[in-house]
Amino acid sequence: QVETREDEEQNIKLTEILELLVAAGYFRARIKGLSPFDKVVGGMTWCITTCSFDIDVDLLFQENSTIGQKIALTEKIVSVLPKMKCPHRLEPHQIQGLDFIHIFPVVQWLVKRAIETREEMGDYIRSYSISQFQKTHRLPEDDEFMQRKDKAIKMVTDIFEVYKPQRKYKRQKGAEELLDEESKVHATLLEYGRRYGFSRQAGKAEQAEDKKIALPPGLAAAGKAEPCDEDDLQAAEELRIKTLMTGMAAMATEEGKLTASTVGQIVGLQSDEIKQIVSEYAEKQSELSAEERPERLGAAQQHRRKVASLNKQILQKNKLLEELQAKCADLQAKCTEAKKTLTEVKSSSEKLDKELAALETIESQADSSILQSLRALVAMNENLKSQEQEFKAHCREEMERLQQDIENLKAEAVENGEEQEPNKIIEQQYKTEKDKLQKIRLLLARRNREIAILQRKIDEVPSRAELTQYQKRFIELYSQVSATHKETKQFFTLYNTLDDKKVYLEKEVNLLNSIHDNFHQAMASSGSREQFLRQMEQIVEGIKQNRMKMEKKKQENKMRRDQLNDEYLELLEKQRLYFKTVKEFKEECRKNEMLLSKLKASSS
């Protein structure tokens, strides 16, 4: 009963393991033809490989493996699990013995790890695919964003340029140095036109320290009496701001005062214009100084100055307005022309877009290799066109230069009129000599053709060395052909002999089988025995007759072989005689050539 219970638990764990593997995505666990070992070990191998864990073990799983392969695979799996930091222990004999109770927690952990890894890899692959898609393709929202991007960036930069902080004042060199950090901060803010009050300190000790450090000596009297309410604090802050402003000057005054001579040297204007600019500059400077220190001037004088400056500004703005109106009229005319050209360009671009769409449809239907070759040919055509244009331009320049040289020579010839007659005589002689040269060249070409024809005819006749080489090659070819033919005949003879031997052996086997089959029946009675003996005598007699026939055929073949051998010996003798005759003939030819050479030498 205990063994039955354990088997039931093992089966339950096996079904749970298979359900886990199928849920994780290992669908081979559903195949009924596989053994439980192949299903479980294959699932564990799949989970380990899915985890993308860097291991030095080759987990190659094969179904229906041998016992040695199974043991090696289980040992590898067990060695990999500690490297993956698996919390459960497992031994190779437990996997080999299909101890599913101990295998189940390991498979459960591997499936969990595989699902987590697959989710991580899924996110990574999804982001990678999106990045690859965005490299080559765009959505309508992306196109709309790219269209608005430049305008938005330009607007932001314009806003930054318009509203960027501008420095209006600058501390003078002779001003007292600020020791407190808060006073430095407020002085910097005042330089950029920002007026902020001082922060109220919480403790009296901090206020005393600030007054000792931050207040300059000119405000020591103001800092002695501590303000009791907010109005007194505000008045004190305003006084401190005015005190800080007295140590500053406008940026225009700190840039440096320019004299009439310096402006004249830099700009190169006339003296009247220079004086006018200098006077305007002095007035503006006085206005600025008056704005900086309004308490020193009276209200009427300040009002007059402002009215005069405003009148001048009105005149300047009117002049500027007239100039801008003239520019506006010009720009409107240009704008109308640009609109006309824009409409023309738009119409032509629409036509081109239609043509491009048609071409794209044709390209999508056409072969990519043909399109590539066509693009290469078009690029080559454009390159050749540009080269042709450059060459034509160069040829035109060269032609103009040569025509100019000809004109110069003609002018020189007209000036030297007495030299025209000799030049004509020289030209006539040159023409006659040129005609003679052409005729001689034609004759030379004809003779060269005749010589080439004769040379080819001479080359067609083989020399003695070539004939000897041809003979050697033919002899080698004949010997190869004869050797191949002899080998083929031997193969045919061997095949025929073995075929005959096979036929006779089959007949003998059939005869022996029939004797063996009929022997027991023949021995059953005396009549059948006598009949069996007569048949055996007839068979023996037939075998003897066949043997006599084969002996006779053998003698005939032997006589034929002897006859052919005698003929072969005679032919060998004739061959030796032929070679001897050829050798003597060559020797006589050599002697003949020597005698002919001696005769030629003696006659010469």
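**Exercise 1. Find which residues make the nonpolar surface patch of about 480 Å², and say where L377 sits.**

Step 1. I370, L374, L377, M380 and L384 make this patch. Patches are built from residues with over 30% relative accessible area and no salt bridge, and nonpolar side chains (Val, Leu, Ile, Met, Phe, Trp, Tyr) are joined within 5 Å. A salt bridge here is a side-chain nitrogen of Lys or Arg within 4 Å of a carboxyl oxygen of Asp or Glu. Areas come from the Shrake-Rupley method with a 1.4 Å probe.

Step 2. L377 belongs to helix α15, residues 368-415. Helices (H or I, at least four residues) and strands (E, at least two) are DSSP runs, numbered from the N terminus.

Before going on, a word on the model: it is predicted, so local features need pLDDT of at least 70 and side-chain atom pairs count only at pLDDT 80 or more, while totals for chains, interfaces and linings use all residues. Residues are numbered from 1 along each chain as its sequence is written, and side-chain values use heavy atoms, leaving out hydrogens and water.

**Exercise 2. Work out how confident the predictor is along the chain.**

Step 1. Start with the average: pLDDT, the predictor's confidence in each residue from 0 to 100, averages 78 over the protein chain, and 80% of the residues score at least 70.

Step 2. Now look at the elements. Helix α9 (residues 220-224) has the lowest mean, 40, and helix α18 (residues 526-603) the highest, 91.

Step 3. Check two stretches where pLDDT stays under 50. Residues 1-5 have 0 contacts (heavy atoms within 4.5 Å) beyond four places in sequence. Residues 253-264 have 13 such contacts.

**Exercise 3. Describe the surroundings of K39.**

Step 1. Place K39 in helix α2, residues 36-50.

Step 2. K39 is buried (under 20% relative accessible area, 1.4 Å probe, protein chains only) yet has no salt bridge. The nearest side chain of opposite charge, D38, is 9.5 Å away; Lys and Arg count as positive, Asp and Glu as negative, with His and the chain ends not counted.

Step 3. Leaving aside residues up to four places away in sequence, K39 touches L18, L21, Y26, A29, I31, K32 and L34.

**Exercise 4. Why does H186 count as buried?**

Step 1. Find H186 in helix α7, residues 181-191.

Step 2. H186 is buried because its relative accessible area is 10%.

Step 3. Compare sequence with space: H186 and I241 are 55 residues apart in sequence and 8.5 Å apart C-alpha to C-alpha.

Conventions:
Buried < 20%, exposed > 50% of the residue type's maximum accessible area, 1.4 Å probe, protein only. Patch = residues over 30% accessible without salt bridge, like charges linked within 9 Å, V, L, I, M, F, W, Y side chains within 5 Å.
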